[in-house]
Amino acid sequence: MSTPTDFQVHYFNQADYEKTHEAMLNKTLQRIEKKQQGIATPDELWIVEHQDVYTLGQAGKTEHILQKNNTPIVKTDRGGQVTWHGRGQLVVYFLFDINALHWGVRDLVTHAENIIIRTVTPYLPTNFSAKARQDAPGVYVYNADGVELGKIASLGFKIKHGFSYHGIALNLVNDLTPFNLINPCGYAGMTMLRLADFASINVACITDEFIDKVRMVYKTSADNDSQS
């Protein structure tokens, strides 16, 4: 099969996590089955704002949940430890055939991190920077002196038979206090940041900018394949 050249975008507002996860998993399983039959299906990018929820990765340890409140805690099958999703946070799920894109898992993670970095950097103060870390997936903000201020985006994927699902969570205008009840992504004392504390932002505009940057990376992969 040839490399896909574009993807579909779907939007989900105030989405229940468990129902969204079930739909995402079922979609992926259907795509796997169709590919085994020689039938191509389009990749999809899901733009989601979840109802408030804590999610615990497949190897997640409950000891990283420091205090419980009325927010549901859901065990899920992505990588990583515990995190929070909710209103004002941009969650993006990558339902991609990464084999068809000739991406490995590390390629997917690096592309996702770089897309986040390119999305948030224009909103940071002069000489501030957004960077990934080798020891802890996600995107972190550094001040002009190179001091890490905290984490602004998390990521965790799951791969089945070369198909990815789950994705990234970028803090935009959401309340950060829910993170105080957990060790975010398993790191005690991790400071969580949001983009609204650095600049006046429009969530819809940033969402569109993020999608555009995903499309640029996606089409570059297709162009490279056509030239090889």
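**Phe 94 and the residues it touches.** In this predicted model, Phe 94 is in contact with Glu 44, Leu 45, Leu 108, Phe 157, Ser 164, Tyr 165, His 166, Gly 167, Ile 168, Phe 210 and Val 214, leaving aside neighbours within four places in sequence. Contact here means heavy atoms within 4.5 Å. A word on the ground rules: residues are numbered from 1 along each chain as its sequence is written, and side-chain values use heavy atoms, with hydrogens and water left out. Because the model is predicted, local features need pLDDT of at least 70 and side-chain atom pairs count only at pLDDT 80 or more, while totals for chains, interfaces and linings use all residues.

**Two nonpolar cores, one of them with 38 residues.** Phe 94 turns up again here: together with Leu 45, Phe 96, Ile 168, Leu 170, Leu 195 and Phe 210, Phe 94 touches the most other members of the largest core. At least two residues of this core come from each of E2, E6, H2, E8, E9, E10 and H3. Helix H2 gives the largest share, seven residues. There is also a second, separate core of 14 residues, and its members include Trp 84, Ala 136, Tyr 140 and Phe 179. A core is a set of buried Ala, Val, Leu, Ile, Met, Phe, Trp, Tyr and Cys residues joined through side-chain atoms within 4.5 Å. Buried means under 20% relative accessible area, exposed over 50%, and partly exposed in between (1.4 Å probe, protein chains only). Helices (H or I, at least four residues) and strands (E, at least two) are DSSP runs numbered from the N terminus.

**Trp 84 against Phe 179, one of nine aromatic pairs in the structure.** The two rings meet edge-to-face, 5.6 Å centre to centre and with 70° between the planes. Trp 84 belongs to strand E5 (residues 82–85) and Phe 179 to the loop between E10 and helix H3 (203–227), so the pair ties together parts that are 95 residues apart in sequence. Both ends are tucked away: Trp 84 is buried at 2% relative accessibility, and Phe 179 is buried at 4%. Rings of Phe, Tyr and Trp (its six-membered ring) count as a pair if their centres lie within 6.5 Å; planes under 30 degrees apart are stacked, over 60 edge-to-face, and the rest tilted.

**Phe 96 against Tyr 218, another edge-to-face pair.** The ring centres of Phe 96 and Tyr 218 are 5.2 Å apart and their planes sit at 65°. Here the pair ties together parts that are 122 residues apart in sequence, because Phe 96 is in the loop between E6 and H2 while Tyr 218 is in helix H3. Phe 96 is buried at 0% relative accessibility, and Tyr 218 is buried at 0% too. Zoom out a bit and ring pairs link Phe 7, Phe 94, Phe 96, Trp 103, Phe 157 and Tyr 218 into a cluster.

**Two arginines over rings.** Arg 215 lies over the face of Phe 7, at 4.6 Å from the ring centre. Elsewhere, Arg 133 puts its charged end over the ring of Tyr 140, 4.7 Å from the centre. The test is that NZ of Lys or CZ of Arg is within 6 Å of the ring centre and within 35 degrees of the ring normal.

**An open sheet of seven strands, with helices packed on it.** The strand order is E1-E2-E6-E10-E9-E8-E7, with mixed pairing. Strand E1 (7–15) and strand E7 (129–132) are the edges, each pairing on one side only. From one strand to the next the twist averages 20°. Helix H1 (residues 17–36) touches E1, strand E2 (43–50), strand E6 (89–95), E9 and strand E10 (163–171), and its direction makes about 150° with that of E10. Helix H2 (residues 105–120) touches E6, E7, E8, E9 and E10, at about 145° to the direction of E9. Two strands pair if DSSP finds at least two bridges between them. Axes are lines fitted to C-alpha atoms, for helices over the stretch in contact, and angles run from 0 to 180 degrees between N-to-C directions.

**The E8–E9 and E9–E10 hairpins.** Strands E8 (residues 139–142) and E9 (residues 148–160) run antiparallel and share four bridges. Val 139 has Ala 153 as its bridge partner in E9, and Val 141 has Gly 150. Five residues separate E8 from E9, and Gly 146 in that turn has a positive phi of about 80°. E9 then pairs with E10, also antiparallel, over eight bridges. Two residues sit between E9 and E10, and His 161 in that hairpin takes a positive phi near 50°.
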